[in-house]
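Biologist: Could you walk me through this structure? I'd like to talk about the surface and then the inside.

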Amino acid sequence: MFVQQLEPVADSLTLSALVATLPLLTVLALLGGVRMRAHYAGPLGLAVAVLVAWLPYGMPIGQTLSSAAQGALFGLFPIMWIVVNALWVYRMTVRTDHFDVLRRSFGRLSDDPRVQALVIAFCFGALLEALAGFGAPVAICAVMLVALGFDPVRAAVVALVANTAPVAFGAMATPVVTLAQVTGLPLDSVASVVGRQTPLLALTVPLLLVALVDGRRGLRETWAPALACGTAFAAAQFTVSNYLSVQLADIAAALIGAAVLVAVPSARRPAEEPVRAAVLTGVRSDDLDHADPRPEVLRAYAPYTLIVAIFSFAQIGPVKDLLAKATRTIDWPFLDVAAPDGKPVGGNLFALPLVATGGTLVLLAGIATAAVLRVAARDALGEWAATVRELRHAILTVTSVLALAYVMNLSGQAATIGHFVAAAGAGLAFLSPVLGWFGVAVSGSDTSANALFGALQVTAARESGLSPDLLAAANSSGGVLGKMISPQNLTIACAAVGLKGREGDLLRKVLPWSLGLLLLMCLIVVAQSSFLLGWMLP
């Protein structure tokens, strides 16, 4: 048995914490300083984590490598299993041109560019985030806005800022699922707290978007549909993440938010020509005038309807219990670790949810989608293989970062950092979202930031007397606000709208909004840690 040590370096918590941060500093320096690609930086950071665990912390090399293997397996299944199958569904809609049908359907909801920004960047972007994530919503929504006649810079800024509220539950809740796994906290408890933080952002972001599109005039004239959209989105995200299914939170929020938005009378009124002339300074795409048959429109919405139906069916009590019976719990080989108090840690066992996992349910929805969209079996398999190829770098990044996180957690490195950070006391509530924001700003991924910092947030919370669920959730909720300034997302946005090399211009435009919303989230978490908003927590 390997017993974790909190102060292995000269019996000093400070020196031990400095050594324990070397893997994190390596990854962050390679990503942010050297600008190395994430699928190279992740494995190098993992190598440093293995060396720190083996040498200063004294973890046997066999157990160190075994813990890394367990983290890598979790990265593959269920994390990337979810992402691959979700993106596969999206690729089939593109292959059959039903994605274009959906795009035109959204474009016809209103001719007011301010409302179009809400429908496409906020609502449809959230739907794409729920299924694909990893930068796809920013690229696709920016292109769609340019097709409607938006200036490329404005389209990119709107798409980046809109990609905030849905990120924590993106890719079928992959960031939250990862957070629960690396912290050892129940998924339902972590998701419920995140579902009481990010909806507050959803109330603000639509108002911010109409201001970005048309300044004070936009806010003055379209505040009602923006507020209605944000309120409906927030209510749906809170309700579904807390009481139905965490994986459905963004899908339900996006669809309900869009439905409520178009139901507001002022959202359906034709826009005044001065407004359109001031905002739509680009070239409008001709295909927006193409009329689509009603059956094709219904087929375009079918994949999302199928996903909602399958996940909802899986939440029915008897069905949920039946699916759970397929879960296998493995006594992980070559791993026997105890915490500093001598109690075995959770990493000694590994749960493998073969059926009761989001990825398998999305796979079933994908098979049904192929049938509805009339995709031949060979073509569907070809699209699945192409999805794996497209995500190969993301797969390497996620598996290596999770392997790094498992090595740090099981060797005791995360516990050391957590005990050291706990010295901030009550100030942790304010700093916790900042840590998540920094992690996403550098890595471009809320999943990676949760894997890197989730465990130390929980350790610090327990040492300082704060709620572990609150600080773990704050890591993810703060992280979503770093996505708009991450080099990865800025590059994707520039490439999508033909602004290659102007990432710096976009950064200067979105950074103030990122910092402003981060401050808001920090204040929310501080209030939730006190009597002011403590009643919000489950």
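Modeller: Before we start, patches here are made of residues with over 30% relative accessible area and no salt bridge, and nonpolar side chains are joined within 5 Å. Please also keep in mind that this is a predicted model.

Biologist: Okay, which residues make the nonpolar surface patch?

Modeller: Leu 51, Trp 54, Leu 55, Ile 61 and Leu 65 form a nonpolar patch of about 490 Å² on the surface. Two elements, α3 (38-54) and α4 (61-95), each give two or more residues to that patch.

Biologist: And Ile 61, how exposed is that one?

Modeller: Ile 61, which lies in helix α4, has a relative accessible area of 36% and is therefore partly exposed.

Biologist: Switching topic, how many disulfides are there?

Modeller: The structure has zero disulfides. For Cys 229, the nearest cysteine sulfur belongs to Cys 123 and is 3.6 Å away, whereas a disulfide needs the two sulfur atoms within 2.5 Å.

Biologist: Is Cys 229 buried or exposed?

Modeller: Cys 229 is buried, because its relative accessible area is 0%, and Cys 522 also counts as buried, at 1%.

Biologist: What about the largest nonpolar core, which residues touch the most other members?

Modeller: That core has 177 residues, and Phe 150, Met 172 and Leu 506 are the ones that touch the most other members. Helix α6 (residues 113-131) gives the most to the core, with 14 residues.

Biologist: What does Leu 506 touch?

Modeller: Leaving out residues up to four places away in sequence, its contacts include Val 153, Ala 156, Val 157 and Leu 160, along with Leu 490, Ala 493 and Cys 494. There is also a second, separate core of six residues, with Trp 88, Ala 370, Leu 373 and Ala 380 among them.

Technical notes: Residues are numbered from 1 along each chain as its sequence is written. This is a predicted model: local features need pLDDT of at least 70, side-chain atom pairs count only at pLDDT 80 or more; totals for chains, interfaces and linings use all residues. Side-chain values use heavy atoms; hydrogens and water are left out. Patches are made of residues with over 30% relative accessible area and no salt bridge: like charges are joined within 9 Å, nonpolar side chains (Val, Leu, Ile, Met, Phe, Trp, Tyr) within 5 Å. Accessible areas come from the Shrake-Rupley method with a 1.4 Å probe; for residues, only the protein chains shown count as cover. A salt bridge is a side-chain nitrogen of Lys or Arg within 4 Å of a carboxyl oxygen of Asp or Glu. Helices (H or I, at least four residues) and strands (E, at least two) are DSSP runs, numbered from the N terminus. Buried means under 20% relative accessible area, exposed over 50%, partly exposed in between (1.4 Å probe, protein chains only). A nonpolar core is a set of buried Ala, Val, Leu, Ile, Met, Phe, Trp, Tyr and Cys residues joined through side-chain atoms within 4.5 Å. Contact means heavy atoms within 4.5 Å.
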